[in-house]
Amino acid sequence: MVGKKKVVPEWLNSPLWSSNLSDDRRSSRYETRTLSPEPSSPPPPAPPRPEPSPSRPRLAVAQRSEIGAHSGELSPSWSSLEEESRESQLLADFQITLSSRIINLGELRRLAFQGIPHGVRPTAWKLLLGYLPLDRTLWAHELEKKQTQYYTLMDELLRNPSEITRRMEDSAGSKNEELSCLSTGLLSRSKIIHGEHPLSLMKSSVWNQYFQEAEILEQIDRDVKRTHPDMDFFCGGSSLAKSNQEALRRILIIFAKLNPGIKYVQGMNEILAPLFYVFRNDPDETNASHAEVDTFCCFVELLSIFRDNFCKQLDNSLVGIRSTIEKLSQLLKRHDEELWRQLEVTTKVNPQFYAFRWITLLLTQEFNFSDCLRIWDTLFSDPEGPQETLLRICCAMLIFVRRRLLAGDFTSNLKLLQNYPTANINHLLHVANKLRGPTVD
């Protein structure tokens, strides 16, 4: 017997949540780890060959539209003036909050939920991710300590095997042998440490470890080079782009070596990029010069929350990605059972076909770069934690296009969700926030 349908709240049927499909396709630039489909789920159709699409607009360090920049333009509307006034007031509120000796985390979260202005975003993110202590007087000491630790890791983990074995040989050299060589007139020979040569198969050999890691290093190199190819900040022949790519590469290599259980998983570069972009563009030049250190530490903080999504051994566990996707499915069912039934029962669109990328890459592939930063402001600000907030935003994305999904079939719905249309981010986050409330019976 079919149970009584839930009443759909009126706000779900608002035309605000029915966005038009954009021609701008944000198809993935690489293949991510895929889960084997469950027996009851039909396999997805072969993905269509991607069509040429206009790239996303290039972003400057501080991107902001200027009203009335050209002669002959109409006067700005009251809504524009009101929005500009609101942004100015928001920036002032942030500056007051961040200037306190002890940061009020609750107030910072309240402000960040509305969107963080460019100039204060680096500091706000560091606080929200727990990288900086709330006591401002401790910032200088904490940053200096993190910098020392990171540069030590660089020195220890990024040396090539030749350099490591040379140092081992130097430290193992005997003074007596040198004296003997001098007394006999014989030239000293470099001793090869036992097992430390390129053909060694010993597990402890630095050369053996180097060759085992070669495949991961090659994957990191490939992914870093294709990180946001539409942005001069990350790609191109400029010295800035090359320097930024090297920083991303070093961070990912160090993270992989420090986390042998996860190492590097394709897509981590996409999560790393927004962090590095924000910190490298800090208005404070001293902070910007240490962006690599800050990015690494905040990347570790962020991945400590979402790391289970990247661990293939946990895919089918209670904390793995499959369980997380199931939580999204149940969240949609509680708030909009009609839409859930249309997707998973009628058209049989398995949420793994679209939600895997949404969740593992924190929506970086579904929206343009500036919108991604805005979403992350809210993601980091929620006291319930980024994981729960991310699921609400993903659920809101489904509700946002519910009319088209209700009218679509398997093919059209899957195509829509794998190529999510341009959306009004503030409206989307508004829907996600509404999902905190009680379920409509």
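## Helix packing and two buried aspartates

Tyr150, Leu153, Met154 and Leu157 of helix 4 meet Arg250, Ile251, Ile254, Lys257 and Leu258 of helix 8. By class, this contact holds seven nonpolar residues, two charged residues and no polar ones. The model is predicted.

**The helix pair.** Helix 4 spans residues 139-157. Its axis and that of helix 8 come within 11 Å. They cross at roughly 80 degrees. Angles from 65 to 115 degrees count as roughly perpendicular, and helices 4 and 8 are therefore roughly perpendicular to each other.

Helix 8 covers residues 239-258, 20 residues in total. From first C-alpha to last it reaches 29 Å, close to the 28 Å expected at 1.5 Å a residue. Its buried residues include Ala241, Asn244, Gln245, Ala247 and Leu248. Ile251 and Ile254 are also buried, and both take part in the contact with helix 4. An α-helix has 3.6 residues a turn, so residues three or four places apart point the same way.

**The whole chain.** The protein chain has 19 helices and zero strands. It counts 441 residues, 45% of them buried. Among contacts with a separation of 6 or more, 72% join residues 24 or more positions apart.

**Two aspartates.** Where do aspartate 294 and aspartate 382 lie? Aspartate 294 lies in helix 11, residues 291-306. Aspartate 382 lies in the loop between helix 15 (369-381) and helix 16 (386-400).

Are they buried or exposed? Buried means under 20% relative accessible area. Aspartate 294 has 2%, so it is buried. Aspartate 382 has 3%, so it counts as buried too.

Each aspartate side chain makes a polar contact with another side chain:

| Aspartate | Partner side chain | Distance |
|---|---|---|
| Aspartate 294 | Lysine 126 | 2.9 Å |
| Aspartate 382 | Arginine 392 | 2.7 Å |

What else surrounds aspartate 294? Setting aside neighbours within four places in sequence, aspartate 294 is in contact with Lys126, Tyr131, Leu143, Phe279 and Asn287. Leu143 falls within helix 4, residues 139-157.

Aspartate 382 touches Thr389, Arg392 and Arg436, not counting residues up to four places away in sequence. Its C-alpha atom is also separated by 6.7 Å from that of arginine 109. Those two residues are 273 residues apart along the chain.

Terms used
Residues numbered from 1 in each chain as written. Predicted model: local features only at pLDDT ≥ 70, side-chain atom pairs only at ≥ 80, totals over all residues. Heavy atoms only, no water. Helix = DSSP H or I, 4+ residues; strand = E, 2+ residues; numbered from the N terminus. Buried < 20%, exposed > 50% of the residue type's maximum accessible area, 1.4 Å probe, protein only. Polar contact = N/O pair within 3.5 Å; in protein donor to acceptor, adjacent residues only side chain to side chain. Contact = heavy atoms within 4.5 Å. Expected span 1.5 Å × (residues − 1). Axes fitted to C-alpha atoms, helices over the stretch in contact; angles between N-to-C directions. Parallel < 35°, antiparallel > 145°, perpendicular 65-115°, else oblique. Nonpolar A, V, L, I, M, F, W, Y, C, P; charged D, E, K, R; others polar.
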